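Me: I would like to learn how to read a protein model. Could you take me through one, feature by feature?

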Amino acid sequence: MFPKKFNKPPLKDNTSFEKVKLMSENSNELVVNPAPHIHGPMTKNRMMQYTFFAILSTLIVSMVLWSQVTTPSGWNLGLTLAICTVISVGLAVAFDFLIGKVASDSEVNTWSAAVFGLIVTGCYTLGFPSMAIGAEMGVPVEAPLAFYYVAIITVLGLVVFKKVMGLAGRKFVNPAAAAKFLVLLPGTAVTLLTSWHSITGMLSVPSLNGPIGLTTIVGSNGGGAGYPAFGGYLQSCYQLPTSMDIGTPESITQIMLLTKYHGWTGGACSIAVIIAGTALFILGRKYFKWRITASFLVSTAVLSLILSVAFGDADLIARLLFELFIGSSIFMAFFMATDPATTPYSGVGQIIFGVGLAVLTVIIQTFMGFFGGSLLALLIMNLLTPAIDKIRINKPFGR
Amino acid sequence: MANLVHIPEQKEVARKTPIEIFPDPKIAVVLTNQQSGATNVPLVKVGDVVSIGQKIADVQAKVSAPVHSPISGTVIKIDNVYNSCFEYPTEAIYIENDGKKTKAKPLNTIKESELASTKNEELLKIIREAGIVGMGGAGFPTSVKLAVPADKPIKHLLVNGAEGEPYDTADERVMIERTANLVRGVRVVRKLLGNPKVIVVTKESKVEAVPKLQEAFKNEPDTEVRATHLTYQQGDAGMMQKAILGYEPIAGKRSYEMGTIVQNVATINAIANAVFDGEPLISRVAALNGDIPTPKNLMVKIGTPISEILKANSITDCGSVVVGGMMMGVQLATLDAPVTKRTSSILCLNKAHAKARKPTACIHCGRCVSACPIRLQPVAIYNAVIKGDFKKAEKLWAQDCIMCGTCSYVCPANLPLASNVKMARNSQ
């Protein structure tokens, strides 16, 4: 049906295409574009709108849940999150518009900028484990310092990582992740390395690099590898600060699935993230890279079960819950790892990406004592994406 | 095949509209080249009087097909006009209609009862002299396609009645209204190919055509009518072999080497007309559709200027006119362009729909990769082409592209993926 070559007959004289066009009295208004002449319903704007409302809904859930908490500096945590959201989205849209005005070849893409703003807030760490650390060390985990940091991350990410990197033809790293990492690098070292968590002496901070148990109650002292009090740690860091529950498997499951306080703002309610993310993947069927999320979650679960058996944990649940449902992992898996620009385009590549991300995340969190390591893992995998894109498993039709 | 993209058919009204005979044009503009293969030269000169069915352009070459006069009259000029087959102007013979309808000597014909005893060479000669080319859009001379070497046995003949292109209904109406003629045509092709198994492939959505075909082909030997769910992309010959027979034809090989010939219903209709009635290919059914109130199926003379068809149907505010299908067709640079043997449809887009979609930056979503029916990576080929790296495009198998246009259709950034891949493909 489709011969390999059309043998074009030669022109009789040098009549050019334009000349013939002018010769015709009917031609002056006709539009000529290459095939196809119809287009599917999906556009970039619509993709971004879907993503915007999915992330916004998870952030609203977080705001509602967190409105019960008052931080040591006297701010309502839910209100803090709402203000952060307004700041990041407003600044992102405004800077996108301004850059579009100044640089004529830059696309003004309001919805994309708004999504970027939401992701900046969604991956920001508000009220990190033991807000007392934040107060003591001057780490921006609370208002009003958090507002300035969110603003800096938004502007840096939009200008440097979204616009300037876009000039190079494609983005190499997730703009929100890269900007957060750059700005918070000093703070990150303080707050994310687990050994720092016990600095005030009120936390029992275990390492994941050893057996984990659920037996110890909140407030008991300790720390270091092998300490079987992970449940106590989860309880003290992730539950409502005023409640004094004892670390039972049931209460920890409830915390990790329903209401985490502190940590990544986007991942406060794991169930909300899962519902919003799944709805997004169903709405924008085939346009969103759900394979990354699926393969990441599956491999993380498998890896944590393997580690649980290897270390001889008291039960298989604690480690699994932590690896899968901690705010950084769950929010990143659905909304940051699936960022189209910085991830592979083939289905096989996406699965490789998801598995690689899971392996790096688990390794960083387990052996480097660096909770929230998924962000670092994401940046590493983003940089590997051009290489993953070269992997070609299925050959074309009939080859 | 779960990854094939469904494209809305948009055929509700047109598929129920009977074929209407469009009056002969006052001036027929017959392009001397409507086939792929060797270049024809005119056999007439200005001032000559020609009659209906007279051969007016031909060349002595293996891969070639002549062109015939659709009307009787006088040759008034030979000039270049926009040719929708090649997307640029080529030589055309202008014939002024004298209204006498004088007919030239018909082709040699054979009686239906004599078909079995007729030599293949004789049948192929009739098909060549009738100027029949692939009417699905490719324009490959049918006499060459059906001249299968004796050492390559053909196991299957697929009669392609899928007509996946949205808006196109010409083939569907032919299947409904010329069913008996199709049966005759299939007998000829089957005889030529050494009695292979015949599968008439059509879509289950063609509710009127399916029972008619089943009824007509009921008593034919070794013949099956298969009405299945086919997507637009499965109207391609290679994709159809995968969908119906379950194998992927090896890329770059002629279709007979896989033991299967796929032939479009419009072509089979033309073969029956030529072999039994002595009619050369001077008219065809073309759908008139798009953003117009009354879609039609027109039996139109090849060489009728498109502007005349639009005028007769009082279509005035066209932003653009597409011939040959919304997905693979060509937007005309001028309405002076005539109907060709490959013009399966004439589709008008209103000014809002015709407006060019502005391409934006690629967001790397990979939708084109998952949508490509032949598993290419359109975005990778596109990036190679815009850098001018045609070697890389070849490594990415750009030459295998079937030009279905699905990648551009699904692209959320409106990138002209299909046209760039086509550029790489045609540069090989």
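**Reading the model**

Reply: Start with burial: 54% of the 399 residues in chain A are buried. Buried means under 20% relative accessible area, exposed means over 50%, and partly exposed lies in between (1.4 Å probe, protein chains only). This is a predicted model, where local features need pLDDT of at least 70, side-chain atom pairs count only at pLDDT 80 or more, and totals for chains, interfaces and linings use all residues. Residues are numbered from 1 along each chain as its sequence is written, chains are lettered from A and ligands numbered from 1 in the order in which they are written, and side-chain values use heavy atoms, with hydrogens and water left out.

Me: How much surface does chain A expose, and which atoms supply 68% of it?

Reply: Accessible areas come from the Shrake-Rupley method with a 1.4 Å probe; for residues, only the protein chains shown count as cover. Chain A exposes about 16200 Å². Carbon and sulfur atoms supply the 68%.

Me: How many helices and strands are there in chain A?

Reply: Helices (H or I, at least four residues) and strands (E, at least two) are DSSP runs, numbered from the N terminus. Chain A has 15 helices and 2 strands. Now look at contacts, meaning heavy atoms within 4.5 Å. Of the contacts in chain A with a separation of 6 or more, 69% are between residues 24 or more positions apart.

Me: How do the axes of α2 and α10 of chain A cross?

Reply: Axes are lines fitted to C-alpha atoms, for helices over the stretch in contact, and angles run from 0 to 180 degrees between N-to-C directions. Angles under 35 degrees count as roughly parallel, over 145 as roughly antiparallel, 65 to 115 as roughly perpendicular and the rest as oblique. The axes of α2(A) (residues 44-66) and α10(A) (residues 270-283) come within 9 Å and cross at roughly 170°. The two helices are therefore roughly antiparallel. Residues of α2(A) in the contact include A:Tyr50, A:Ala54 and A:Val61. Among their partners in α10(A) are A:Ala276 and A:Leu280. The contact has 8 nonpolar residues, 3 polar and no charged. Ala, Val, Leu, Ile, Met, Phe, Trp, Tyr, Cys and Pro count as nonpolar, Asp, Glu, Lys and Arg as charged, and the others, Gly among them, as polar.

Me: And at what angle do α13 and α15 of chain A cross?

Reply: At roughly 30°, with the axes of α13(A) (residues 327-336) and α15(A) (residues 374-389) coming within 10 Å. They are therefore roughly parallel. A:Met332 and A:Met336 of α13(A) are among the residues in this contact, as are A:Leu375 and A:Leu378 of α15(A). The contact divides into 4 nonpolar, 3 polar and no charged residues.

Me: Which strands stand at the edges of the β3-β5-β6 sheet in chain B?

Reply: Two strands pair if DSSP finds at least two bridges between them. In chain B, 3 strands form this open sheet, with antiparallel pairing. β3(B) (41-42) and β6(B) (67-68) are the edges; each has a single partner strand, so one side of each lacks a neighbour in the sheet. β5(B) (residues 55-58) joins β6(B) through 2 bridges. There, B:Lys55 has B:His68 as its bridge partner.

Me: Why is β2 of chain B largely enclosed?

Reply: Because 4 of the 5 residues of β2(B) (residues 27-31) are buried. This strand runs antiparallel to β8(B) (residues 88-97), with 5 bridges joining them. B:Leu31 stands opposite B:Ala92 of β8(B).
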